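Reader: I would like to go through this structure by question and answer. Please keep each reply short.

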Amino acid sequence: MLMQKIQVYRSGAVRRVFEFKAPWLALTAGAVAVFVAIPLLYIFLRAVGADETAWQRLLQTRIWRLLGNTLALVAAVTGGACVIGVGLAWLTERTDLPGRRALRWLLALPLAIPAYIGGMVYLTLLRPRGGLIPQALEDLFGQQVATPSPLGFWGAAFILTLFTYPYVYLLSGAALRSLHASMEEAARTLGRTAWGTFWQVTLPSIFPGVMAGALLVALDILAEYGTVALLRYETFSSAIFVQLAGRYDRSSAAVLSSVLVGLAMILLWAELWIRGPRRFTQMESNWRPARRVALGRWRLPAIFFVAGVAFFSLAAPLGVLVVWSFQAFTDGQVLEAVFRTGSQGLGSFVWNSLWTSLLAAALAVTLSVPVALFSIRSPSRVSRFVSRFCQVGYAIPGVVIALSLVLLVNRLLPFLYATPLVVVMAYVLRHMPQATRSSEAALYQLSPTFEEAARSLGRTPQQTLIQVTLPLILPGLLAGGSLVFLTSLKELPATLLLRPPGFDTLAVRVWVWATDGFYIQAAPAALVLVMAAALALAFLLHREPIINEQG
Amino acid sequence: MSRVDIQNLNKHFATAEVSAVNDVSFGLGDGKILALVGPSGSGKTTTLRLIAGLERPDAGVIRLNGKVVAAEGVFVPPERRGVGMVFQDHALFPHLTVYENIAFGLRGRKNAEIRTTVNEMLGLVGLERMAGRYPHALSGGERQRAALVRALAPRPVLLLMDEPFSSLDADLRREVRQQVRSILKMLQATVIFVTHDQEEALYMGDLLAVFHQGMLEQMGTPEQIFHSPETPFVAEFMGASDFLEGRAVAEQIRTEIGTLPQPAPKGMSDRVQVALRADDVDFVLAAAGNGMIVERLFLGAFNLYRLRLDSGQALHAFKGHTEILPIGSRVEAFVCAGHPLAVFEDGNGVGGR
């Protein structure tokens with residue numbers, strides 16, 4: 001989504017497309033949309049059909065508190081991510097901060113660290129009683145020393161902000177980069193100071209980028225389970241998880257889920273609404289990068305700020321994981337546990353993680369191609385609707401997908417029940433929008449003249465599709481696929497709820513060990529997970545102008 | 001009332017080998033429109049940006065209405081110069097409507113005053129009905145006009161325009177140019193604008209300043225620049241001249257196609273180059289002759305003939321649109337200027353065509 005947003009953002013207004021109409025295409029795309037939409041509709045049906053008492057019980061007691069908790073966390077993290085993300089983007093794009101090129105990489109990388117792994121690290125270090133740092137301080141000074149607690153609202157907000165700000169960072173960075181220098185110069189000649197220009201012209205101009213990033217952060221927080229559960233802060237997602245995993249109260253879970261999905265829908269709609277009729281695409285001609293601001297005496301504070309963010313979101317968690325992994329490898333007993341837990345070891349977690357995520361990526365991309373072809377190559381109201389429908393997965397948190405699939409598969413496809421394929425299905429449903437957007441953006445940017453040339457050289461529409469279109473959009477498809485892979489790898493709640501007994505992925509193992517307090521044992525698996533995710537992220541980022549270009 | 005004076009302005013960019021602006025001086029007074037013209041990279045846009053305060057000069061003094069805004073140790077930031085600027089890409093703020101864009105420079109004034117000014121400006125360029133639109137919903141010409149009145153609304157001391165018409169297509173350009181010129185004249189604005197199009201410079205400018213490699217080659221009225229170019233570059237850039245070798249003898253100059261009844265300028269050696277435009281040359285068919293027709297380009301109102309003299313020298317000549325003569329014909333070419341021609345010392349960086 002990140003990449004496609006940036007691309008669409010640059011590619012400008014409506015343009016000519018090469019039309020390609022075929023009945024099979026409409027049918028296939030429609031079938032994909034139905035497949036994606038069923039779980040969502042099912043949840044609403046269950047919620048509406050739920051016992052009235054379930055609604056009343058929840059309305060009287062829990063919903064309001066959960067709503068308050070969830071909204072507070074979403075607001076705090078989104079706000080924090082915007083401040084940090086925009087601040088960092090401005091510093092690395094528009095000032096003479098040293099080491100900008102390397103920093104653009106480093107500051108994007110926390111996206112590869114699942115927030116619950118960060119949560120595990122900070123919890124182990126700072127837990128009020130028994131945390132490594134409070135313990136060490138107590139041993140040193142012989143008495144308890146007050147340290148910040150990672151538990152509760154502020155802890156959760158802080159840690160989630162650390163691992164979600166890159167969404168805002170990358171998108172607002174791209175927006176800053178595409179901003180014309182003359183825009184700010186015009187403001188200066190119209191009487192604004194440099195500072196006034198920043199607030200009245202620069203910030204509003206990159207606003208869509210910031211909002212797109214903020215939306216991703218907010219949806220992430222709505223769906224977040226692992227971190228809030230670890231840090232004992234109850235939100236909708238974690239409450240649904242408890243209903244499902246602990247009490248098996250599916251009616252309550254469905255009611256809570258429908259409220260959660262409703263919230264996500266409101267966020268999606270709000271982002272569209274806030275943007276309004278203003279369009280921010282600018283003509284590419286005469287683009288000149290704006291001049292870098294000399295930081296002067298602000299240089300040192302700026303370096304401290306950037307270094308602080310990089311330390312807490314990247315260096316500290318990675319460093320700690322590396323140290324613990326070393327400890328794990330030097331302790332025979334722990335090592336034994338890492339490589340053999342019951343009948344399974346690290347190798348099988350890695351394998352399970354990889355094949356489920358890769359399969360999900362391949363499936364999502366394959367399914368997205370007909371949808372993208374349909375919506376871009378034969379634009380109509382119907383095709384737009386199909387494309388929108390394939391993107392509702394954004395609004396459905398992992399726990400909700402899991403609930404829906406548990407119910408549906410049980411009823412309709414019992415032979416799939418308790419197989420890893422249900423896990424893969426959840427990944428596909430949840431991450432389908434990323435693949436769809438990637439494929440659509442790639443198709444949209446393809447100049448129609450390539451296909452027109454192929455037709456004029458004697459190829460049929462089908463031949464053109466296979467010989468020209470698909471090879472040309474392949475990079476875009478791969479980008480979408482690696483995004484699906486990356487997010488599937490990190491996905492926790494759906495995996496936990498849907499996996500067959502004994503089927504462990506890296507995410508599941510790390511989580512189980514972390515909740516049991518075996519953090520040293522969890523470290524090597526966590527490190528492997530982060531590294532795999534970082535590889536996928538690096539593949540995505542190397543295509544990004546914000547990372548690539550000199551400057 | 002409004003005046004800009006520039007003395008020995010210098011600007012060097014770290015990445016470039018030569019100076020972008022090299023010791024440029026000029027002054028411009030009330031209500032005049034000055035066109036800075038020259039090929040790309042000649043320093044005209046940099047000069048404009050230095051006046052606006054968007055670049056810092058390395059040396060030199062800029063005065064607006066007698067007040068120093070840039071000099072050694074003095075730098076007034078752009079927002080306090082009271083200079084309006086129209087950008088090449090218009091730079092209309094995409095997040096503001098046309099109305100808000102025009103009102104942007106009026107901050108701090110009374111609401112009623114802002115409303116009157118913006119409406120007056122919108123009326124001036126016929127954009128009243130577009131007030132509530134965002135820039136992306138305007139046509140190229142409308143954007144251009146909106147950008148113009150946005151710059152004019154705060155009543156700037158000086159209006160700067162950076163290739164303001166280059167993003168418009170040819171038809172529209174001619175029309176908008178006309179409107180803009182009459183508006184500027186009506187407001188009696190003092191204007192400096194940049195263009196690389198000599199026709200545009202001649203049309204829009206009360207005065208022209210020709211730039212070449214960071215230096216101001218010549219400044220004067222369009223007629224002065226066109227009729228008496230002071231450097232070969234100006235002669236070549238303004239009106240595509242051919243350069244013909246000549247020899248100064250007594251009070252005349254002898255060339256391959258006849259003797260010119262004008263003396264070479266004082267202090268010049270006797271080997272000179274005469275700048276000839278197509279309208280200064282004529283020819284008749286003549287079997288003996290001094291050259292031949294190589295090519296004929298039909299330009300609508302004219303035929304432009306390319307001739308090759310027996311020495312190999314190329315010359316261009318205009319003929320009426322009905323006078324169509326076969327290529328390859330032998331001709332006798334001669335000068336028919338009716339005014340003194342520009343003469344330069346030979347080997348003085350003269351590039352013939």
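What follows is a set of questions and answers on a predicted model.

Reader: Into which domains is chain B divided?
Author: The model is predicted, so local features are reported for pLDDT of at least 70. The assignment splits chain B in two. The parts are domain 1 (4-232) and domain 2 (244-345).

Reader: How many residues of domain 1 of chain B are in contact with domain 2 of chain B?
Author: The C-alpha centres of the two domains lie 39 Å apart. On the domain 1 side, the touching residues divide into 2 nonpolar, 2 polar and no charged. They meet 4 residues of domain 2. The count on domain 1 of chain B is 4 residues.

Reader: In what order do the strands of the 6-stranded open sheet of chain B run?
Author: The pairing in this sheet is mixed. From one strand to the next, the twist averages 20°. The order is S7-S8-S9-S3-S10-S11.

Reader: Why is one side of S7 and of S11 in chain B left without a neighbour in the sheet?
Author: S7 covers 83-86 and S11 covers 215-220. Both stand at the edges of the sheet. One side of each is left open because each has a single partner strand.

Reader: Which residue is the bridge partner of B:Leu160 in S9(B)?
Author: Strand S8 of chain B spans residues 158-162, and strand S9 of chain B spans residues 191-195. The two run parallel and are joined by 4 bridges. Opposite B:Leu160, the partner in S9(B) is B:Ile192.

Reader: At about what angle does helix H4 of chain B run to S7(B)?
Author: Helix H4 holds residues 140-152. It lies across S7 and S8 of chain B. Its angle to S7(B) is about 170°.

Reader: Which element gives the most to the side of chain B that touches chain A?
Author: In this contact, 21 residues of chain B meet 24 residues of chain A. The chain B side has 12 nonpolar, 6 polar and 3 charged residues. With 3 residues, the element that gives the most is S7(B).

Reader: Which strands are at the edges of the 5-stranded open sheet of chain B?
Author: The order of this sheet is S2-S1-S4-S5-S6, with antiparallel pairing. Each edge strand pairs on one side only. They are S2 (21-28) and S6 (74-75).

Reader: Which strands of chain B does helix H1 lie across?
Author: Helix H1 is made of residues 44-52. It runs at about 120° to S1(B). The strands it lies across are S1 (4-11), S2 and S4 (59-64).

Reader: Which residue in S4(B) is the bridge partner of B:Asp5?
Author: S1(B) and S4(B) run antiparallel, joined by 5 bridges. On its other side, S4(B) is joined to S5(B) by 3 bridges. One residue of S4(B) has the bridge partner B:Val68 in S5(B). That residue is also the partner of B:Asp5, and it is B:Arg63.

Reader: Which residue takes a positive phi in the hairpin of S4(B) and S5(B)?
Author: B:Leu64 stands opposite B:Lys67 in S5(B). The hairpin has 2 residues between the strands. The one with a positive phi, near 50°, is B:Asn65.

Reader: Near what value is the positive phi of B:Gly73?
Author: S5(B) and S6(B) run antiparallel and share 2 bridges. B:Ala70 stands opposite B:Phe75, and B:Ala71 has the bridge partner B:Val74. The hairpin has 2 residues between the strands. In it, the phi of B:Gly73 is near 80°.

Reader: Is B:Arg129 buried or exposed?
Author: B:Arg129 is found in the loop between helix H3 (111-124) and H4 of chain B. From B:Glu230 it is 49 Å apart in space, C-alpha to C-alpha, and 101 residues apart in sequence. It has 9 other C-beta atoms within 10 Å, and 12 or fewer counts as exposed. So B:Arg129 is exposed.

Reader: How many residues are in the largest nonpolar core?
Author: A:Val168, A:Ile240, A:Ala426 and A:Val510 touch the most other members. The core draws at least three residues from each of domain 1 and domain 2 of chain B. Beyond four places in sequence, the contacts of A:Val168 include A:Ala81, A:Val86 and A:Val210. The core holds 270 residues.

How values were computed:
Residues numbered from 1 in each chain as written. Chains lettered and ligands numbered in written order. Predicted model: local features only at pLDDT ≥ 70, side-chain atom pairs only at ≥ 80, totals over all residues. Pairing = 2+ DSSP bridges. Axes fitted to C-alpha atoms, helices over the stretch in contact; angles between N-to-C directions. Contact = placed C-beta atoms within 7 Å. Nonpolar A, V, L, I, M, F, W, Y, C, P; charged D, E, K, R; others polar. Domains from an automatic or database assignment. Buried ≥ 20, exposed ≤ 12 C-beta atoms within 10 Å, placed from the backbone. Core = buried A, V, L, I, M, F, W, Y, C linked by C-beta atoms within 7 Å.
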